[in-house]
Amino acid sequence: MRTRYALLYCSAIAMFSSCEKLDDFLGHPNTDGEDTAKTVELKNHSKTPTFAKVAPEFSDIEIYSLLSSEDKLAGSPDFIYGSMADGTGLLKEADGTYTLINNIEADYAIARIKLDETFKPVSGEYILNAEATAETAQCSGTLVTPEEHGFGPIYLSGGEWNGSLNGVFAVDPYKSAENASVATILPAMGKFITEQAVPLSKEAYPGKTVVLIGDDHSDNDIPSGQLGMYVGPRGDLNSGSLYGLKVLNDSIMYEMDMAEGESYEAEFVELNEVGSTDLLDAEAKEKGVMGFSRVEDIDWRRGVVSNHREIYFCVTGRKTDALLGKGTAFGRIYKVVLDENDPLKGTITCVLDGDKLDGMAKNFLSPDNITVTKNYAYIQEDPAATPDSPEKTHYARLYQYNLNTGELKTVLECDQASAVAQGYGNLDTTWEIEGMIDVSDIIGVEDSFVICFQNHGWVPADGSAFTDPKANMDPNSNKEGSQLFVIKGLGR
């Protein structure tokens with residue numbers, strides 16, 4: 001999944017004593033009539049092509065390849081953009097440059113990539129490495145800022161698979177790369193098998209910090225992924241309380257008992273076993289917290305303040321005989337609407353059901369990440385399940401779901417056939433689409449998004465690995481590459 005939003009750091013304008021100097025500082029034309037400001041110029045900067053098959057209805061969008069694992073950046077030629085790029089966050093700096101925070105999932109690390117004023121990547125380094133994370137995969141993430149959330153900046157990252165540090169990592173986006181082996185965990189948010197942690201806006205519940213947490217628990221017999229919630233005072237990520245979502249309907253035992261389009265009353269019940277993954281899971285089950293087949297990415301709707309309490313999350317699904325009728329096999333998208341005054345009360349609705357083979361989402365093959373704007377949800381796939389119908393027989397797709405009309409459209413699909421023809425990867429291992437964030441207001445280009453591909457099966461021709469040793473020293477690391485793009489022209 002992925003990260004959200006930006007912070008513009010401004011130096012004190014009062015230090016400038018003349019209009020001429022102020023104009024120079026703001027990038028306005030100087031007294032000689034020359035415009036010294038550099039502005040964003042979206043274009044391809046990577047040597048790796050863009051392997052995306054765009055649907056005819058979206059033929060007017062523009063996709064630019066910014067960075068890939070085979071690229072060398074001028075400011076840091078030894079930096080390697082590692083394996084399985086995932087969650088992202090973007091900051092605009094006072095000097096007009098940009099800082100991108102990017103989870104590198106399979107290297108158990110977090111990268112910081114600098115882009116110049118034109119949005120060209122110029123250097124990269126790792127601010128959290130595999131030693132710090134105990135080789136725990138860093139999946140989706142959220143950039144917290146004062147403008148959006150009322151505190152920060154801080155980057156929240158989900159610690160999920162492989163290592164022992166399940167839970168929520170808190171990372172200073174400006175921390176020194178020399179301290180990459182030092183991590184901060186937020187114990188109060190629990191040891192979920194964490195995919196994502198997403199704070200709501202500062203307007204959603206004034207004076208409070210409300211964080212939704214996705215538990216990517218992949219049990220083969222009982223749906224066990226929970227939707228968690230942390231509630232504390234504004235800006236306090238340590239002393240608040242943890243809760244899990246419970247459906248208040250005696251006829252709803254499993255997630256598949258909830259029919260697409262039907263809304264159900266729900267509440268968040270308190271959980272106390274925050275220090276143990278197993279004990280937390282057991283307590284949640286004992287208290288009737290709803291289990292889903294892998295809660296993945298989460299986001300909330302933009303626009304008017306009431307939208308900020310409208311939350312969408314992906315359940316990616318798991319296909320086993322024991323889960324049939326209990327947990328989704330091919331994936332679902334849920335909407336949770338929280339009470340205006342009490343975040344612990346609300347309703348839940350399955351808005352898109354990938355197991356309904358004659359339904360709107362019949363093409364779904366493991367929706368994994370979601371990005372929500374004012375009018376749309378953009379759903380990204382990780383095709384983990386084996387397709388059992390022609391509609392599901394495809395590579396990873398990006399979908400657009402209209403929040404106003406309920407219409408679902410395919411935006412693009414990974415073009416692995418073209419990639420293989422040019423020597424990138426194979427047709428047997430499907431790629432994933434990850435880390436999409438809306439950067440329109442940050443870079444000043446309307447309808448613009450950053451997005452990542454995890455190019456499974458693409459490895460260096462010489463047998464080495466697309467792994468930076470400053471991120472991960474394991475010689476047996478995942479060798480596969482990643483790509484970073486900008487998409488321009490998608491509606492918000």
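Before the exercises, one definition: helices (H or I, at least four residues) and strands (E, at least two) are DSSP runs, numbered from the N terminus. Keep in mind that this is a predicted model.

**Exercise 1. Find serine 366 and say what is unusual about its backbone.**

Start with the location: serine 366 sits in the loop between S18 and S19. Next, check phi, which is near 65°, a positive value in a residue other than glycine. Last, look at exposure. The cut-off for buried is under 20% relative accessible area, and serine 366 has 1%, so this residue counts as buried.

**Exercise 2. Do the same for alanine 134, and decide whether it is buried, partly exposed or exposed.**

Alanine 134 belongs to the loop between helix H2 (130-133) and strand S7 (138-144). Its phi is positive too, about 55°, although alanine 134 is not a glycine. Now the exposure: partly exposed covers the range between under 20% and over 50%. With a relative accessible area of 31%, alanine 134 is therefore partly exposed.

**Exercise 3. Track down the cis peptide bond on the N-terminal side of proline 153.**

Go to the loop between helix H3 (146-149) and strand S8 (154-159), where proline 153 lies. Then step back to glycine 152: the peptide bond from there to proline 153 is cis, with omega near 10°.

**Exercise 4. Which side chains make polar contacts with the side chain of asparagine 369?**

First place the residue: asparagine 369 is part of strand S19 (residues 367-372). Its relative accessibility is 0%, so asparagine 369 counts as buried. One partner is serine 140, with a side-chain to side-chain polar contact of 3.2 Å. Another is aspartate 368, whose side chain makes a polar contact of 2.5 Å with that of asparagine 369.

**Exercise 5. Describe the largest nonpolar core and the surroundings of isoleucine 348.**

Begin with the count: the largest nonpolar core holds 30 residues, and Phe313 and Ile348 have the most contacts inside it. Then ask where the core comes from. The elements giving two or more residues to it include strand S11 (208-215), strand S13 (241-247), strand S16 (310-315) and strand S18 (345-353). Now zoom in on isoleucine 348, leaving aside its neighbours within four places in sequence. Its contacts include Leu245, Val247, Met258, Phe292, Phe313 and Tyr334. Another core lies apart from the largest one; this second core has 29 residues, among them Leu90, Ala109, Leu115 and Val450.

**Exercise 6. Work out the strand order of the open four-stranded sheet, and why its edges are edges.**

Read the order across the sheet: S2-S25-S24-S23, with antiparallel pairing. At the edges you find strand S2 (62-68) and strand S23 (432-438); each has a single partner strand, so one side of each is left without a neighbour in the sheet. From one strand to the next, the twist averages 25°. Take a closer look at one pair: S2 and strand S25 (residues 481-488) run antiparallel over six bridges. There, leucine 67 stands opposite leucine 484 in S25.

**Exercise 7. How many disulfides are there, and why are cysteine 314 and cysteine 452 not bonded?**

Searching the whole structure turns up zero disulfides. For cysteine 314, the closest cysteine sulfur is in cysteine 350, 11 Å away, which is too far for a bond. For cysteine 452, the closest is in cysteine 414, at 12 Å, again too far for a bond. As for exposure, cysteine 314 is buried at 0% relative accessibility, and cysteine 452 is buried with a relative accessible area of 0%.

Conventions. Residues are numbered from 1 along each chain as its sequence is written. This is a predicted model: local features need pLDDT of at least 70, side-chain atom pairs count only at pLDDT 80 or more; totals for chains, interfaces and linings use all residues. Side-chain values use heavy atoms; hydrogens and water are left out. A nonpolar core is a set of buried Ala, Val, Leu, Ile, Met, Phe, Trp, Tyr and Cys residues joined through side-chain atoms within 4.5 Å. Buried means under 20% relative accessible area, exposed over 50%, partly exposed in between (1.4 Å probe, protein chains only). Contact means heavy atoms within 4.5 Å. Two strands pair if DSSP finds at least two bridges between them. Axes are lines fitted to C-alpha atoms, for helices over the stretch in contact, and angles run from 0 to 180 degrees between N-to-C directions. A polar contact is a pair of N or O atoms within 3.5 Å; within protein, one must be able to donate a hydrogen and the other to accept it, and residues adjacent in sequence count only if both atoms are side-chain atoms. A disulfide is a pair of cysteine sulfur atoms within 2.5 Å.
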